Amino acid sequence: RTRVMQNPEDWTVKSMANEAFLSVSSFTEHYKELFGVTPGEELRGFIIDKAKSLLLHTNLTVSEIADKLRYSTPENFIRSFKLKTGVTPLKFRKNR
């Protein structure tokens, strides 16, 4: 879990399941039992946490952060960030 938190953009639920030598469905079931959330939900949370850190501690643009976190487009990143935090990445950065 710590490895996933450090670089969540390098992981998928499938790669996490492979590390545990389980099918995706078995892994998801066990993960939710242990942690109370699905691995997908937690992975998305880790990615948003990393985005927050990058917004606060770097001068990277929103597009650069989206690219670094492997979003297909900056718009998808902005939409995902706002859905999870209630504000856009730029507003988050401004309101430090």
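Q: To start, what counts as a helix or a strand here?
A: Both are DSSP runs, numbered from the N terminus. A strand is E with at least two residues, and a helix is H or I with at least four residues.

Q: What kind of model is this, and how are residues numbered?
A: This is a predicted model, where local features need pLDDT of at least 70, side-chain atom pairs count only at pLDDT 80 or more, and totals for chains, interfaces and linings use all residues. Side-chain values use heavy atoms, leaving out hydrogens and water, and residues are numbered from 1 along each chain as its sequence is written.

Q: In which loop is arginine 70 found, and is it buried or exposed?
A: Arginine 70 has a phi near 65 degrees, a positive value in a residue other than glycine. Buried means under 20% relative accessible area, exposed over 50%, and partly exposed in between (1.4 Å probe, protein chains only). Arginine 70 sits in the loop between α5 and α6, and because its relative accessibility is 56%, it counts as exposed.

Q: Which element gives the most to the largest nonpolar core?
A: A nonpolar core is a set of buried Ala, Val, Leu, Ile, Met, Phe, Trp, Tyr and Cys residues joined through side-chain atoms within 4.5 Å. Among the 20 residues of the largest one, Met16, Ile65, Leu69, Tyr71 and Phe77 touch the most other members. Two or more residues come from each of α2 (13-19), α3 (24-35), α4 (39-57), α5 (62-68) and α6 (74-85). With seven residues, the element that gives the most is α4.
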